[in-house]
Amino acid sequence: MRHAGLDIGSRTVKLAVIEIGELVLSRKSVTSHDPLETARSLMKGTGFDAVTATGYGRYLIQGHLECPVISEIKAFAVGSRFFSSECRSILDIGGQDTKAISLDEEGNMSKFEMNDKCAAGTGRFLEVMATALGYTLEEFSSAALSAENAVKINSMCTVFAESEVISLTTQGAARNEVALGIHRAIVSRSVSLLKRIAPPGDVFFAGGVALNGCVRSLLENELGRRIFVPDDPQIVGAVGAALSTV
């Protein structure tokens, strides 16, 4: 049987199809103003026997497809073990929230911490800060990695931080040093979540921000642990949703 998983996130919609324990297809697209239509477009031409939804828009999908839903926490717990069978600690930084998840030896979720009150330290935060500094997201990470010193960022509120960044650059602060300061602030926030719950060992890094090389490098340095990033860290939740129906 072919099992599909849909992860309807705040920034992207992801689809994964599992068949006989193998990932046979994955797709993703910007969520847009109509996540239901985005999901339908991703599923078009894809054959599967069952589908499970997760993410912010899971209940919207459930209402139209009459499919089961699971929480993002469970989806990432299941999905991470598909890519790393020994995974015990998960950090997911998505478009609008940050999750730190601890698993027991059997892969069951034992604890989690979540920052979902605002976009501070998330993918959306990075997008706004990159734009404020005149970088693309790819340039933003590279610029931060090129800096020898970091300018301290005092606010993690997206609105206030944007104003602070603009003020710093008009005062002559080097853009790459401001970029590094922003990345360090994000990592500090994530490390705080992980240290409260994560057992020793490697950290599985998922979500769109896992594509950011500077965040990965700083996390590894701050934690003193290996950071494992799958080939496509954005589809972990979708894979977990698909596997939950197997």
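**Strands, rings and cysteines**

Colleague: Let's start with strand E4 (residues 50-54). How many of its 5 residues are buried?

Modeller: Happy to, and please keep in mind that this is a predicted model. A residue is called buried when its relative accessible area is under 20%. Strand E4 is mostly covered by that standard, and its count of buried residues is 4 of 5.

Colleague: Which residue in E4 is the bridge partner of Gly5?

Modeller: Strand E1 (residues 2-8) runs parallel to E4, and 5 bridges join the two. Across this pairing, the partner that Gly5 meets in E4 is Thr52.

Colleague: Now to the open sheet of 5 strands. Which are its edge strands?

Modeller: The sheet has mixed pairing, with the order E7-E6-E5-E8-E9. An edge strand here pairs on one side only. That description fits strand E7 (109-115) and strand E9 (227-228).

Colleague: And which residue of E9 stands opposite Val203?

Modeller: Strand E8 (residues 203-206) is joined to E9 by 2 bridges, and these two strands run parallel. In E9, the residue facing Val203 is Ile227.

Colleague: Moving on to the aromatic rings, is the pair of Phe82 and Phe83 stacked or edge-to-face?

Modeller: The model has 4 aromatic pairs. In the pair of Phe82 and Phe83, the rings are 5.1 Å apart centre to centre, with 85 degrees between the planes. Planes over 60 degrees apart fall in the last of your two classes, so this pair is edge-to-face.

Colleague: Which residues do ring pairs link into a cluster with Phe82 and Phe83?

Modeller: Phe82 is partly exposed at 27% relative accessibility, and Phe83 is partly exposed at 25%. Ring pairs link these two into a cluster with Phe204 and Phe228.

Colleague: What about the cysteines: is Cys87 buried or exposed?

Modeller: The model has 0 disulfides. Cys157 has a relative accessible area of 32%, which makes this residue partly exposed. Cys87 has 5%, and because the limit is under 20%, Cys87 counts as buried.

Colleague: One last one: what distance separates the C-alpha atoms of Thr131 and Glu162?

Modeller: Thr131 sits in helix H4 (residues 123-132). With a relative accessibility of 61%, Thr131 counts as exposed. Glu162 is 31 residues apart from Thr131 along the chain, and the separation of their C-alpha atoms is 9.2 Å.

Methods
Residues are numbered from 1 along each chain as its sequence is written. This is a predicted model: local features need pLDDT of at least 70, side-chain atom pairs count only at pLDDT 80 or more; totals for chains, interfaces and linings use all residues. Side-chain values use heavy atoms; hydrogens and water are left out. A disulfide is a pair of cysteine sulfur atoms within 2.5 Å. Buried means under 20% relative accessible area, exposed over 50%, partly exposed in between (1.4 Å probe, protein chains only). Two strands pair if DSSP finds at least two bridges between them. Rings of Phe, Tyr and Trp (its six-membered ring) pair if their centres lie within 6.5 Å; planes under 30 degrees apart count as stacked, over 60 as edge-to-face and the rest as tilted.
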